[in-house]
Amino acid sequence: MNIDFVGRRQAVLARIRAAEQRFQRPSGAVRLLAVSKIQPTAAMIALAAAGQCCFGENYVQEALDKIAELAALRLEWHLIGPLQANKTRTVAENFAWVHSVDRLKIAERLNAQRPADLPPLNVCLQVNIDREPAKHGLDLGAVATVAQAVAELPHLRLRGLMAIPAPAADFAAQRRPLARLRELQESLNAAGLALDTLSMGMSDDLEAAIAEGATLVRIGTALFGPRA
Ligand SMILES: *Cc1c(COP(=O)(O)O)cnc(C)c1O
């Protein structure tokens, strides 16, 4: 590979650290998830060699092939794409995190299918933060009830909320939906949950996400270059 993955990862980490400082977040408060959908495993191996341990995938079958191929690297695998009910077993068996839980039924299946010898599966609820009709994610008004129910499931660990906001024209407009997600998380914690993860921020809005409290940013293009 003649792409400088070390340099790209350093540049993304520098953006994260700069945003943490600028918005008074503790240093190291934000984790970098490398979004590797459609990217070849050679690029992922190079990024892993540069120190990257967490990878996010969108498509279950593509992810399973990569998990098998890269097993020796002991990477941490996060599912960030839509999850159909007929794929929950293999996801429960092979991933450490699922960011895209958008129905109680999916959570119940993951809970029932999580192998007993693995730690609880970390999950985030995906929220349709811009109320877009054709988008994945829970309606804002449904999140509290589903969160309380998911938090009771013993083989899952409800970590927080995830959103993919609609593209926005400027920094202030980027921040608005991300602030709504943070406020929703704060209200859930005020109601007794102990959520520690806000999964928000991609290559184009990671600074806005960190300003609004992201604890994990999901970065594809800025690490790997444009997807084919
Ligand atoms: C593809 C994808 C990303 C990464 O987006 P980039 O703009 O390439 O950084 C993040 N989150 C989700 C859910 C994605 O599908």
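**What surrounds the ligand**

The shell around the ligand breaks down into five nonpolar, four polar and three charged residues (here Asp, Glu, Lys and Arg count as charged, Ala, Val, Leu, Ile, Met, Phe, Trp, Tyr, Cys and Pro as nonpolar, and the others, Gly among them, as polar). The model is a predicted one, where local features need pLDDT of at least 70, side-chain atom pairs count only at pLDDT 80 or more, and totals for chains, interfaces and linings use all residues. Residues are numbered from 1 along each chain as its sequence is written, and side-chain values use heavy atoms, with hydrogens and water left out.

Among the residues around the ligand (a heavy atom within 4 Å) are Val35, Ile80, Met202 and Thr221. As for polar contacts (pairs of N or O atoms within 3.5 Å), a side-chain N or O atom of Asn58 sits 2.7 Å from a ligand oxygen. Gly220 brings in a polar backbone atom, 2.8 Å from an oxygen atom of the ligand, while Arg227 uses a polar side-chain atom, also with a ligand oxygen 2.8 Å away. The protein ends up covering 90% of the 380 Å² of accessible area that the ligand has on its own (Shrake-Rupley method, 1.4 Å probe).

Terms used:
A polar contact is a pair of N or O atoms within 3.5 Å; within protein, one must be able to donate a hydrogen and the other to accept it, and residues adjacent in sequence count only if both atoms are side-chain atoms.
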